[in-house]
Every structure is written in C-alpha cells, then in structure tokens.
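Trainee: Could we go through this model together, one question at a time, with the cut-offs stated as we meet them?

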Amino acid sequence: MEKIFLDVIKSRRSVRAYKDEQVKDEQLELILEGGMWAPSGINQQSWHFTVVQNKELLNDISNETKKILQKGENDYLRKLGENENLQIFYNAPTVILVSGDEKAATPMEDTSAAVQNMLLVAESMSIGTCWVGTIQGLFSHPQLGEVYKKKCNIPEGYKVYHAVSVGYKKIEGQKAPRRKENKINYIKHL
Ligand SMILES: Cc1cc2nc3c(=O)[nH]c(=O)nc-3n(C[C@H](O)[C@H](O)[C@H](O)COP(=O)(O)O)c2cc1C
C-alpha cells in the first residue's frame with residue numbers, strides 16, 4: 001500500500017537486526033539517488049558515498065571502532081565498545097560510508113541531509129537502515145584514520161562523517177520511541 005510521506009517519516013526506525021540477503025542493486029541505487037538529491041550549502045553537493053558490501057572489511061571496521069570506543073570518555077559509548085555481541089553495523093549486508101569535502105562550506109550539514117534522505121527512501125521501500133555515527137572515532141583517529149580511509153578508497157580531502165547500515169529488516173513493526181513534548185513554540189505578535 002502506498003504510504004503518505006509523513007507516514008514514511010514516522011514509520012522509519014533505526015533497524016538493528018537484518019536478514020543476510022543482500023539488498024537489490026536497483027533499490028540501493030534509488031537510496032543513493034535520494035542522498036544525491038538532498039539540499040546542500042551553496043549547492044556544493046559536497047558528499048561522497050562509498051558502498052561497502054565486504055563482510056570482512058565491515059567486521060574489521062567494527063572491531064577497530066569498538067576498541068576506540070572502549071578508550072573514550074563517554075560511559076554509554078564505552079559500554080557499547082565493550083559489548084562482545086555488538087557489530088556496530090548490526091551485520092547489515094550493505095553499509096554506505098558518507099564522506100564530505102572538508103573544503104566545502106557545510107559538509108557536515110550536506111552529508112547529514114543526504115543521510116536522512118537515504119533513510120527515508122529506504123523506508124518508503126520498507127528497507128531497514130541505521131545511521132551509525134560511531135565510525136567517526138575510527139576515521140578521525142590520528143593514525144588509523146588514514147589507514148581506513150585508504151582501505152575504503154575515500155577521496156582525498158574528504159572526511160568520513162557518517163555510515164548507514166542498509167538491509168532487509170529481520171523484524172517488522174518496531175515500536176517508536178516517544179516524542180518529547182514542548183519542542184515547538186510560535187511567535188505571531190510582538
Ligand atoms: C548523528 C546520529 C548518529 C547515530 N549513531 C548511531 C550509532 O552509532 N549506532 C546506533 O545504533 N544508532 C545510532 N543512531 C540512531 C539513534 O540512536 C536513533 O535515531 C534514536 O535512538 C531514535 O530512534 P529511531 O531512529 O528509531 O527513531 C544515530 C543517530 C544519529 C542522528
């Protein structure tokens with residue numbers, strides 16, 4: 001059944017369990033197309049998308065990221081790093097690394113807008129995604145950062161800001177976290 005757009009927005013969840021089956025190329029292309037049609041500061045379209053479908057490399061990135069999380073200051077993230085059962089991409093068969101041109105005006109904002117577009121295009125096809133920010137620790141690491149940027153063929157001068165896990169959902173109908181209240185106010189008259 002066709003979903004109206006606000007329903008797509010509301011039904012998207014961070015999916016943390018995926019089927020092994022690889023996502024169809026045609027669907028992946030639509031997701032990436034969604035990313036490329038995001039707005040961007042001064043229309044610089046400063047993003048680059050690296051599609052990784054290599055399990056070994058993804059597990060390697062996950063293990064190294066977890067080691068870095070274990071050494072961090074944040075209790076929640078440290079516990080994540082110590083969780084032996086966690087693979088940071090939740091074993092999704094596809095991961096899109098989203099990097100941005102560091103010389104652009106607003107690479108963080110451009111790439112974030114691209115990520116959200118991709119999450120929503122995926123949800124419109126009932127494909128699961130999770131925005132994975134923890135990879136920043138690895139890709140901005142003083143030594144390992146360059147090593148992994150090379151391994152992943154990230155273009156010169158680009159910084160990896162986000163990763164998106166993509167795959168068919170193992171579980172449908174995930175419950176949404178409650179929305180916080182009092183997050184809107186209007187000013188109509190002085
Ligand atoms: C910038 C950013 C980074 C995130 N990084 C992670 C992450 O590393 N791992 C993860 O499981 N979820 C990550 N998330 C997903 C959030 O945990 C999730 O969006 C939030 O709990 C709300 O749940 P929902 O997406 O199902 O609405 C990230 C979300 C954002 C916006």
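Mentor: What follows is a set of questions and answers on the ligand site, the nonpolar cores and a few single residues.

Mentor: This is a predicted model, in which local features need pLDDT of at least 70 and side-chain atom pairs count only at pLDDT 80 or more, whereas totals for chains, interfaces and linings use all residues. Residues are numbered from 1 along each chain as its sequence is written, and side-chain values use heavy atoms, with hydrogens and water left out.

Trainee: Which residue has a polar backbone atom 3.0 Å from a nitrogen atom of the ligand?

Mentor: The residues around the ligand, that is, with a heavy atom within 4 Å of it, include Arg12, Arg13, Ser14, Tyr90, Trp131 and Arg179. On the side-chain side, a polar atom of Arg13 lies 2.8 Å from a ligand oxygen, and a polar atom of Ser14 lies 2.6 Å from a ligand oxygen. The backbone atom that lies 3.0 Å from a ligand nitrogen belongs to Trp131.

Trainee: How much of the accessible area that the ligand has on its own does the protein cover?

Mentor: Accessible areas come from the Shrake-Rupley method with a 1.4 Å probe, and for residues only the protein chains shown count as cover. The ligand on its own has 630 Å² of accessible area, and the share covered by the protein is 63%.

Trainee: Which helix or strand supplies the largest share of the largest nonpolar core?

Mentor: A nonpolar core is a set of buried Ala, Val, Leu, Ile, Met, Phe, Trp, Tyr and Cys residues joined through side-chain atoms within 4.5 Å, where buried means under 20% relative accessible area, exposed over 50% and partly exposed in between, with a 1.4 Å probe and protein chains only. The largest core has 24 residues, and Ile61, Phe89 and Leu97 are among those with the most contacts inside it. Helices (H or I, at least four residues) and strands (E, at least two) are DSSP runs numbered from the N terminus, and those supplying at least two core residues each include H3 (55-70), E2 (94-101) and E4 (158-168). The largest share, four residues, comes from H3.

Trainee: Is His162 buried or exposed?

Mentor: His162 lies in strand E4, and its side chain makes polar contacts (pairs of N or O atoms within 3.5 Å; within protein, one must be able to donate a hydrogen and the other to accept it, and residues adjacent in sequence count only if both atoms are side-chain atoms) with the side chains of Thr111 at 3.0 Å and Ser112 at 3.4 Å. Because its relative accessible area is 4%, His162 counts as buried.

Trainee: How far apart in space are Lys19 and Lys170, C-alpha to C-alpha?

Mentor: Lys19 sits in the loop between H1 (5-11) and H2 (25-36), and at 40% relative accessibility it is partly exposed. Leaving aside neighbours within four places in sequence, Lys19 is in contact (heavy atoms within 4.5 Å) with Pro93, Tyr168, Lys169 and Lys170. Although Lys19 and Lys170 are 151 residues apart in sequence, their C-alpha separation is 5.3 Å.

Trainee: What is the phi of Tyr90?

Mentor: Most residues other than glycine have a negative phi. Tyr90, which lies in the loop between H4 (75-82) and E2, is not a glycine, yet its phi is positive, at about 55°.
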